[in-house]
Amino acid sequence: MELYFKKYTQGIAYKLGTFFYWQLFKFPAQQWGTVNASMTQCFLDEHLPLAKSGGLRTAVIPTGVQTERFNAESKEQRCRERKKLVDKLTTTTATKNSTRRTTRSSSSSSISEDTKLLLMVQRLAPEKEIQRVFPALRQLKGKVNVHLVIVGHGPSEDELKELAKGLPVTFLGRIPNSDLPPLYRAADVFITCSRSETYGLTVLESLACSTPVVIPHCIVFDELWKGKLPDKWIFEAGKNNSLAEAIAAASNSNARKWLLQNPVKASWEVATDTLLKQYEDMILMNEPVKRRHVTLVNILAIVLRVVAIGLALFVSYHEIKILRRTWRMLDAWIPG
């Protein structure tokens, strides 16, 4: 959250935003949360100071995907989906100048059988650092025949289209979520350059399709994928040729074979089982607190009963005195 405060606000707006974020969210979470949970431990460490020092009980929430949506039924299905995507890209290239709103390609180069289809799916915004991919495409020219497909929209769209001129890039704009799995499966490599993710669900979705991914070194991706994916698929942002080398490694024909032999298991079934276990652990963890609360409630109940009885006796005593005084007054007024 602080990243976006710094990027999009300044002055008094930044100070007020960070102040209320701390007072309304961070402080209550640290002081009164039984367990503070997030999709990654690094997010907790970065946002809650006590988490990093070990002063908070934390848990990483498991995340999954609907595997039946993403898994390819067969190699033939991948071939059909690739052909459908290639046809769409070819048609888009042929009609890119027909209207201003037509999804356009930045290059009229043909897509052949040996063309490696690269895919990016994300919001087109500055923090996603999409512009890093264009120099890599230039470095790959003459080495690997590639074509980049960018799905999404956002404030940086016009600027990115300008940067992509003369490169084999096609912008498909916004696409319904239901249409994404065929795109993942049709692609040879999925790429993200973003280092501002809290998790990066599109990376998991691509891996669920057995599509190799290229990701940057950052605290989130290092926690999630370092040691689980080949090191050659992870690039160092800002390092010359690093991204191009990662794309070349992930687009190798052996890359998908490696994923098929080492599948990423992230079904909702597994995630739900893990989450239920976390809830059970939290319930047991909270038992001492519940017992303390029961003891305090019982003591409070006894105190309230004593106070209620005292008030009743006090009121009764004064009511009797009032009744006696009233009786004497009436007795004095009524003759004989």
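Which residue's side chain does Glu 129 meet in a salt bridge? In this predicted model, the partner of Glu 129 is Arg 195, with 2.7 Å from N to O. The legends below start with this pair.

**Figure 1. A salt bridge between Glu 129 and Arg 195.** The view shows the side chains of Glu 129 and Arg 195, which meet at 2.7 Å, N to O. The pair links distant parts of the chain, 66 residues apart. Glu 129 is in the loop between S3 and H7, while Arg 195 is in the loop between S6 and helix H10 (201-208). Glu 129 is buried, because its relative accessible area is 11% and the limit for buried is under 20%. Arg 195, at 38%, is partly exposed. Side chains of opposite charge can pair when their charged atoms come close.

**Figure 2. Two salt bridges within helices, Lys 83 with Asp 87 and Asp 281 with Lys 277.** In the first pair, the closest N and O atoms of Lys 83 and Asp 87 are 3.1 Å apart. Both residues belong to helix H6 (residues 75-94), and because they are four residues apart, about one helical turn separates them. Lys 83 counts as exposed at 53% relative accessibility, whereas Asp 87 counts as partly exposed at 37%. In the second pair, the closest N and O atoms of Asp 281 and Lys 277 are 3.0 Å apart. Here the helix is H14 (residues 268-285), and again the two residues are four apart, so about one helical turn lies between them. Asp 281 is partly exposed at 33% relative accessibility, and Lys 277 is partly exposed at 44%. Elsewhere, salt bridges that share partners join Glu 129, Arg 132 and Arg 195 into one network. The structure holds 11 salt bridges.

**Figure 3. An open sheet of six strands.** The strands follow the order S5-S4-S3-S6-S7-S8, and their pairing is parallel. Strand S5 (169-173) and S8 are the edge strands, each pairing on one side only. Strands of a sheet pair through backbone hydrogen bonds, either parallel or antiparallel. Within this sheet, strand S3 (residues 116-121) pairs with S4 over six bridges, and strand S6 (residues 189-191) pairs with S7 over two bridges.

**Figure 4. Strand S4, covered on both faces.** Is strand S4 (residues 146-151) enclosed or open? Six of its six residues are buried, so S4 is largely enclosed by the rest of the structure. On one side are Val 146, Leu 148 and Ile 150, and on the other are His 147, Val 149 and Val 151. Leu 148 of S4 has Leu 118 opposite.

**Figure 5. Strand S7, also covered on both faces.** Strand S7 spans residues 213-216. Val 213 and Ile 215 are buried on one side, and Val 214 and Pro 216 are buried on the other. Val 213 in S7 stands opposite Phe 190.

**Figure 6. Two loop residues with positive phi, Glu 129 and Asn 241.** Glu 129 has a phi near 55 degrees, a positive value in a residue other than glycine. The loop that holds Glu 129 runs between S3 and helix H7 (133-140). Asn 241 has a phi near 70 degrees, again positive in a residue other than glycine. The loop that holds Asn 241 runs between strand S8 (234-235) and helix H12 (242-250). Glu 129 counts as buried at 11% relative accessibility, whereas Asn 241 is partly exposed at 31%.

**Figure 7. Ser 53 in a loop.** Ser 53 lies between helix H4 (49-52) and strand S2 (58-60). With a relative accessible area of 57%, Ser 53 is exposed. How many residues apart in sequence are Ser 53 and Glu 129? They are 76 residues apart in sequence, and 31 Å apart in space from C-alpha to C-alpha.

**Figure 8. Two surface patches, one nonpolar and one positive.** The nonpolar patch is formed by Ile 12, Leu 16, Phe 19, Phe 20, Leu 24 and Phe 25, which together have about 660 Å² of accessible area. One of these residues, Leu 24, is in helix H2 (residues 11-32) and is exposed, with a relative accessible area of 56%. The positive patch is formed by Lys 321, Arg 324, Arg 325 and Arg 328. Arg 328 lies in helix H15 (residues 287-333) and is exposed, with a relative accessible area of 55%.

How values were computed
Residues numbered from 1 in each chain as written. Predicted model: local features only at pLDDT ≥ 70, side-chain atom pairs only at ≥ 80, totals over all residues. Heavy atoms only, no water. Patch = residues over 30% accessible without salt bridge, like charges linked within 9 Å, V, L, I, M, F, W, Y side chains within 5 Å. Areas by Shrake-Rupley, 256 points an atom, 1.4 Å probe, with all protein chains shown as cover. Salt bridge = Lys/Arg side-chain N within 4 Å of Asp/Glu carboxyl O. Lys, Arg positive; Asp, Glu negative; His and termini not counted. Charge placed at Lys NZ, Arg CZ, Asp CG, Glu CD. Buried < 20%, exposed > 50% of the residue type's maximum accessible area, 1.4 Å probe, protein only. Pairing = 2+ DSSP bridges.
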